[in-house]
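Subject: Structure for your review

Dear colleague,

Please find the structure below, together with an account of what was found in it. I should be grateful if you would read the two side by side.

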Amino acid sequence: MRKKENLNEIYNILYSHYGPRYWWPADTPFEVIVGAILTQNTNWKNVEKAIRNLKLAGYLDIRKISKIRKDGLEELIKPSGFYRQKAERLQNFCRLLLNEYGSIENMFRERPGDLRNKLLSQKGIGPETADSILLYAGNFPFFVIDSYTKRVFDRLGFRINDNYEDIRNFFESNIPKNVGIYKEYHALIVEFAKDFCRKRPLCEKCPLKKKCSYNRFH
DNA sequence: ACCCAGGTGGCCC
DNA sequence: GGGCCACATGGG
């Protein structure tokens, strides 16, 4: 791991390069939750199809999803892949949410740390999904770590171990504790990773070129 | 015909 | 604690 100025500097460079990303792309907190579950190891385009299906059917609704037959839900979300487990887990989560809290607004009144543990205890909600929900639906300052984050900062020369909580703690202790910045930084990392950390030929135009440890191989 | 995508849980040691 | 594996669709 490296020092904090670098993390903030990288944020500034990415923000200058891309501008605001307006994440999370969703109309409601519940849509964030659904998207967070459906996008697990899945291309976002496929998730958009699934969410569109839910909307068109009038089923992007916590009570509707709680009551629908499981095979009906599977059909609607099929484009997002892993649709049997996701249908099961999404439905279970909706039922838990209604039973324990009654509503999303009420769920987000719980103490953030307690809520995070509650989310993590649900089957199908791991640390990234939990933090996506807490940050983008609940506006709580939890930094979201995903495979892009690990890949990007590995290439930038940060010595990152593979432990989710360690990485999250590293970010949260070295950038301002600000929900807007957390939201924007994660979105910028994803944007940057898609542009530059998959296709090597684009490296010449990379805004973080000077910081990238891959440069010595060029 | 591969490979990848905004992960997670189960099982093994 | 880490190393595999299943889970499934759609696009390059």
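Which atom of DNA strand B lies 3.2 Å from a backbone N or O atom of N41? It is a sugar or linking oxygen of DNA strand B. Please note that this is a predicted model, and that the distances below are computed from it.

**DNA strand B**

Around DNA strand B there are 24 residues, of which W24, G124, E128, T129 and Y148 come nearest. Sugar or phosphate contributes 67% of the strand B atoms within 4 Å of the protein, and the bases contribute the rest. Two backbone contacts to phosphate may be examined together. A polar backbone atom of G126 is 3.0 Å from a phosphate oxygen of DNA strand B, and a backbone N or O atom of I125 lies 3.4 Å from a phosphate oxygen of that strand. Helices α6, α9 (127-137) and α10 (147-155) each provide at least two residues of the surface near DNA strand B. By class, this surface has eleven polar, seven charged and six nonpolar residues.

**DNA strand C**

The residues around DNA strand C are N41, N46, K49, K78, P79, G81, F82, Y83, R84 and Q85. Of the atoms of this strand that come within 4 Å of the protein, 59% are accounted for by sugar and phosphate. Three contacts reach three kinds of atom in the strand:

- Phosphate: a polar side-chain atom of K49 lies 2.7 Å from a phosphate oxygen of DNA strand C.
- Sugar or linking oxygen: a backbone N or O atom of F82 lies 2.8 Å from such an oxygen of DNA strand C.
- Base: an N or O atom in the side chain of Q85 is 2.7 Å from a base oxygen of DNA strand C.

Helices α3 and α6 (83-100) each supply at least two residues of the surface near DNA strand C. The largest share, three residues, comes from α6. The residues of this surface divide into four polar, three charged and three nonpolar.

**Helices α3 and α5**

How do helix α3 (residues 44-56) and helix α5 (residues 70-77) cross? Their axes come within 7 Å and cross at roughly 125°. The two helices are therefore oblique to each other. On the α3 side the residues that meet α5 are A50, N53 and L54, and their partners in α5 are L73, L76 and I77. This contact has five nonpolar residues, one polar residue and no charged residues.

The loop between α5 and α6 holds S80. Is S80 buried or exposed? S80 is buried, because its relative accessible area is 1% and buried means under 20%. Leaving aside its neighbours within four places in sequence, S80 is in contact with L38, T42, N46, V47, A50 and K86. Of these contacts, A50 also belongs to the set of α3 residues that meet α5, and N46 is also among the residues around DNA strand C.

**Helices α2 and α9**

Helix α2 (residues 29-38) is mostly covered, with nine of its ten residues buried. The buried residues are F30, E31, V32, I33, V34, G35, A36, I37 and L38. They pack against α3, α4 (62-67), α5, α6, α7 (104-107) and α9.

Helix α9 is mostly covered as well, and nine of its eleven residues are buried. These are T129, A130, D131, S132, I133, L134, L135, Y136 and A137. One of them, T129, is also listed among the residues that come nearest to DNA strand B. The cover over the buried residues of α9 includes α2, α8 (112-120), α11 and α12. Just after α9, N139 takes a positive phi of about 60°.

**The loop between α11 and α12**

K177 lies in the loop between α11 (164-174) and α12 (179-196). K177 counts as exposed, because its relative accessibility is 68% and exposed means over 50%. Apart from neighbours within four places in sequence, K177 is in contact with P141 and Y182. K177 and D61 are 116 residues apart in sequence, and their C-alpha atoms are 32 Å apart in space.

With kind regards

Key. Residues numbered from 1 in each chain as written. Chains lettered and ligands numbered in written order. Predicted model: local features only at pLDDT ≥ 70, side-chain atom pairs only at ≥ 80, totals over all residues. Heavy atoms only, no water. Axes fitted to C-alpha atoms, helices over the stretch in contact; angles between N-to-C directions. Helix = DSSP H or I, 4+ residues; strand = E, 2+ residues; numbered from the N terminus. Parallel < 35°, antiparallel > 145°, perpendicular 65-115°, else oblique. Contact = heavy atoms within 4.5 Å. Nonpolar A, V, L, I, M, F, W, Y, C, P; charged D, E, K, R; others polar. Near = heavy atom within 4 Å. Polar contact = N/O pair within 3.5 Å; in protein donor to acceptor, adjacent residues only side chain to side chain. Buried < 20%, exposed > 50% of the residue type's maximum accessible area, 1.4 Å probe, protein only.
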